[in-house]
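Please walk me through this structure, starting with how far the model can be trusted and then moving from its sheets to single residues.

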Amino acid sequence: IRFARTVFVGPVDMDDRLYLAGDRLWMTSGGLDLVAFDLVGPAAPREIGRFAPSGEPLIEVAFAGDLAYATDEAGFLHVIDVRNPAAMGRVFGIQVGQEAAGVAVGDGRLYVVRSLGVSSLSLANPRRPEPIGTLEILGVWGAGFYAYTHIGVVRDHVFLMSDDGRLRVIDYADPAEPEVVASSRVLPIVEDVAVEGAVAYVAASWGGLWTFDVADPATPRLLG
């Protein structure tokens, strides 16, 4: 790996995130802005647009086609048209709960992590998600609760990770009756999770990067 270039993007918050979607790099900057970079020249990314859907800090963003779905700290889900990064616009918004956190797209549905479970929304109209339902999962550890904050999707299975490394796998084959099919505590403190194909990648703070085979989502297998 060779250092290529530094790009100034403005104030950065410790919870800001990077996303790669198509030939563009996206990031949240200073908590409020969704920023787009052109990667035609990967060694010299160029900012091509930024947009703040609300006055609240953004938590997580998921991309699908020409749309971005972003949650914020006020519990709103924002649908943003990102076809033209220089003129991004909010096309829809819906309250999904004050404790909303991670968001992911899969199998024609949108999933939003809540501290004690997950909410699902239909993307029959991608520009206007419609709530399907919420699965509450009460988690108690020691003298208090642990909250689910990270999410990944493989086909019709949703993977929830809590900050303290607890994993729940939920089968959404019937979105009206989701079912928890696997549950365990597998890692130390979790920072993020991403799923690509049949592999889940989990960033585990001081525990490093862990990979899981999720070809059979109901029985994730540790790879290393």
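The term pLDDT stands for the predictor's confidence in each residue, on a scale from 0 to 100. The model shown here is predicted. For the protein chain the mean pLDDT is 79, and 79% of the residues reach 70 or more. The confidence varies along the chain: among its elements, strand β7 has the highest mean pLDDT, 95, and strand β13 (residues 140-141) the lowest, 42. Two stretches call for caution. Over residues 1-5 the pLDDT stays under 50, and the model gives this stretch four contacts beyond four places in sequence. Over residues 140-146 the pLDDT is also below 50, and here the model has 16 contacts beyond near neighbours in sequence. Where pLDDT is low, predicted coordinates should not be read in detail.

The overall make-up comes next. The secondary structure of the protein chain consists of 22 strands and zero helices. The chain has 224 residues, and 45% of them are buried. Of the contacts between residues at least 6 apart in sequence, 36% join residues at least 24 apart.

One sheet can be followed strand by strand. It is open and has four strands in the order β5-β6-β7-β8, with antiparallel pairing. Its edge strands are β5 (58-64) and β8, each of which pairs on one side only. From one strand to the next, the twist averages 20 degrees. Starting at β5, six bridges link this strand to β6 in the antiparallel sense. In this pairing E60 stands opposite T71 in β6. The step from β6 to β7 is again antiparallel, with five bridges, and T71 stands opposite L77 in β7. T71 therefore serves as a reference point in β6, with E60 on the β5 strand and L77 on the β7 strand. Three residues lie between the strands in the hairpin of β6 and β7, where G75 takes a positive phi near 85 degrees. The last step, from β7 to β8, is antiparallel over six bridges, and V79 stands opposite F92 in β8.

How enclosed is β7 by the rest of the structure? Five of its six residues are buried, so β7 is largely enclosed.

The strands of this sheet also supply residues to the largest nonpolar core. This core has 14 residues, of which Y69, L77, V103 and L110 touch the most other members. The elements that give two or more residues to the core are β6 (67-72), β7 (76-81), β8 (89-95) and β10 (109-114). A second, separate core has 13 residues, among them L58, V61, I80 and M88.

Another open sheet has four strands in the order β9-β10-β11-β12, and its pairing is antiparallel. At its edges stand β9 (103-106) and β12 (130-136); each has a single partner strand, so one side of each is left without a neighbour in the sheet. Neighbouring strands in this sheet are turned by 20 degrees against each other on average, direction ignored. Strand β11 (residues 117-122) and β12 run antiparallel and are joined by six bridges. S119 stands opposite T134 in β12.

The loop between β9 and β10 holds D107. Most residues other than glycine have a negative phi. The phi of D107, by contrast, is positive, near 60 degrees, in a residue other than glycine.

Further along the chain, two residues deserve a closer look. H157 is found in strand β16 (residues 157-162). Is H157 buried or exposed? Its relative accessibility is 11%, and a residue under 20% counts as buried, so H157 is buried. The side chain of H157 makes a polar contact of 3.0 Å with that of D156. Leaving aside residues up to four places away in sequence, H157 touches G152, V169, I170, D171, V181, P217 and A218.

R168 lies in strand β17 (residues 166-171). With a relative accessible area of 15%, R168 is buried as well. R168 and S184 are 16 residues apart in sequence, and their C-alpha atoms are 6.8 Å apart in space.

How values were computed. Residues are numbered from 1 along each chain as its sequence is written. This is a predicted model: local features need pLDDT of at least 70, side-chain atom pairs count only at pLDDT 80 or more; totals for chains, interfaces and linings use all residues. Side-chain values use heavy atoms; hydrogens and water are left out. Buried means under 20% relative accessible area, exposed over 50%, partly exposed in between (1.4 Å probe, protein chains only). A polar contact is a pair of N or O atoms within 3.5 Å; within protein, one must be able to donate a hydrogen and the other to accept it, and residues adjacent in sequence count only if both atoms are side-chain atoms. Contact means heavy atoms within 4.5 Å. A nonpolar core is a set of buried Ala, Val, Leu, Ile, Met, Phe, Trp, Tyr and Cys residues joined through side-chain atoms within 4.5 Å. Two strands pair if DSSP finds at least two bridges between them. Axes are lines fitted to C-alpha atoms, for helices over the stretch in contact, and angles run from 0 to 180 degrees between N-to-C directions.
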